[in-house]
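Biologist: Please pick one part of this model and take me through it slowly, starting from a small detail and working outwards. I'm new to this, so spell out the cut-offs as you go.

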Amino acid sequence: MQSWSSPAIPEAAGNSPALRLYDTAARQVQPVTPGAEATMYVCGITPYDATHMGHAATYVTFDTINRLFRDNGHDVHYVQNVTDVDDPLFERAERDGVDWRDLGTREIQLFRDDMEALRVVPPREYVGAIESVDEVIDMVGKLLASGAAYVVDDAEFPDVYHRIDATETFGYESGYDQPTMEKFFAERGGDPDRAGKRNKLDALLWRAARPGEPSWPSPHGPGRPGWHIECSAIALNRLGIEFDIQGGGNDLIFPHHEFSAAHGEALNQGRRFARHYVHTGMMGLDGEKMSKSRGNLVFVHKLREAGIDSSAVRLALLADHYRSDRMWSDDLLADAQTRLQRWRAAVSASSAPDPTDVLARVRQHLADDLDTPKALAAVDGWAADVALGIGSDTDAGARVAQIVDALLGVAL
């Protein structure tokens, strides 16, 4: 699947300190230690609606990580999926009276346009679920052969499920207790009451064909992939086991990331799926989580259509720490627009203070679990000095603009 055009990323002088990020499984901030190549998998969209600010906050976060890896000299192998065959897509298409394939194609293109506008560096590999069906079929077969999966006793719909006891460490990624797992499993696409399952938390691997649904032939019978196995197969086949970062919003911690990891670990002698599990907080509006089910969405393309500078949108998304649950508001955007104007005026000044220390602090703050509020504040301080007429460095503005572009993705 085609991704989108990459922004030009300037090479800023110097390098970032080694990156440290909060690991959900460890429940603490830890060093990220890639080799020459940094590997990262971030879960993509289910294309049944447009990109909202919650999506944008997540992808801008992992784009910042991508940029920091590059600043540190790593080649980045970034993979992202698109769940272009799933129940929410079928349901929305039926509601709107359109073909689900046409709906998916339209929303994927809108997502590409939004990411390009936000200057998000595209993944090296952008993979649709439909493209990966053969990979899923192969992986399901291996899980069945190993005893990690089973077929429900249902002559009409013989679905294939993963056993939660197939790995000894199931639950390590989320750290949730059984009641919490059961709650989220029911709320986030699970089917705890499916007759024939051995455990209510066992996750669907292969959904047997139902009337009116798309399906593909397989040794397990015609059907389509489950959600978690899709990401597991795509990641493993491109990055291998123990890749550096598995990422997404914190609503994916369980069951999606827990099971994606469990599927891979069941076939790799329990080796950890990813070295680091990184999750962003939720974006809300008017005191509630922003979600399609609530209908309280602010869309990226609507802001673009209203003439809002995408660099201001990006600054608004970076204004709070990526792990915090936070609210989108008109005031947040207005503050970002004002900040963008101040920064652009400062880098355009004929002279300014030497930014060496400021640039070092920007890198240090970002390397410390992506502390974007402090990084932005460091640039704010430099811009305030420029406004006061302090400094005589004629090259300062260009140097600041370069690192703000390279690391924060903001064009000045």
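**From a loop to the domain contact**

Modeller: Let's start small: E242 sits in the loop between α6 (227-239) and β10 (243-249). Those labels are DSSP runs numbered from the N terminus: helices are H or I runs of at least four residues, and strands are E runs of at least two. Keep in mind that this is a predicted model, where local features need pLDDT of at least 70 and side-chain atom pairs count only at pLDDT 80 or more, while totals for chains, interfaces and linings use all residues. Residues are numbered from 1 along each chain as its sequence is written, and side-chain values use heavy atoms, with hydrogens and water left out.

Back to E242: its phi is near 65°, a positive value in a residue that isn't glycine. Another backbone detail turns up at P255, which lies in helix α7 (residues 253-266). The peptide bond leading from F254 to P255 is cis, with omega near 10°.

Now zoom out. An automatic or database domain assignment sets the domain bounds, splitting the chain into domain 1 (20-294) and domain 2 (308-408). Contact here means heavy atoms within 4.5 Å, and domain 1 brings 32 residues to it while domain 2 brings 21. The C-alpha centres of the two domains are 33 Å apart. Between them about 2400 Å² is buried, with carbon and sulfur atoms giving 59% of that. Buried area is the accessible area (1.4 Å probe) that two parts lose on being put together, summed over both.

What holds charges together here? Side chains of opposite charge can pair when their charged atoms come close. We call it a salt bridge when a side-chain nitrogen of Lys or Arg is within 4 Å of a carboxyl oxygen of Asp or Glu. The rule finds four of these across the interface of domain 1 and domain 2. D71 and R363 form a salt bridge, with their closest N and O atoms 2.8 Å apart.

So who lines the domain 1 side? β1 (20-23), α1 (53-71), β11 (274-280) and β12 (283-285) each supply at least two residues. α1 gives the most, with eleven residues.

β12 also belongs to an open three-stranded sheet with mixed pairing, in the order β13-β12-β14. The edges are β13 (288-289) and β14 (326-327), each with a single partner strand, so one side of each has no neighbour in the sheet. Two strands pair if DSSP finds at least two bridges between them; β12 and β14 pair in the parallel sense over two bridges. M283 stands opposite R326 in β14.
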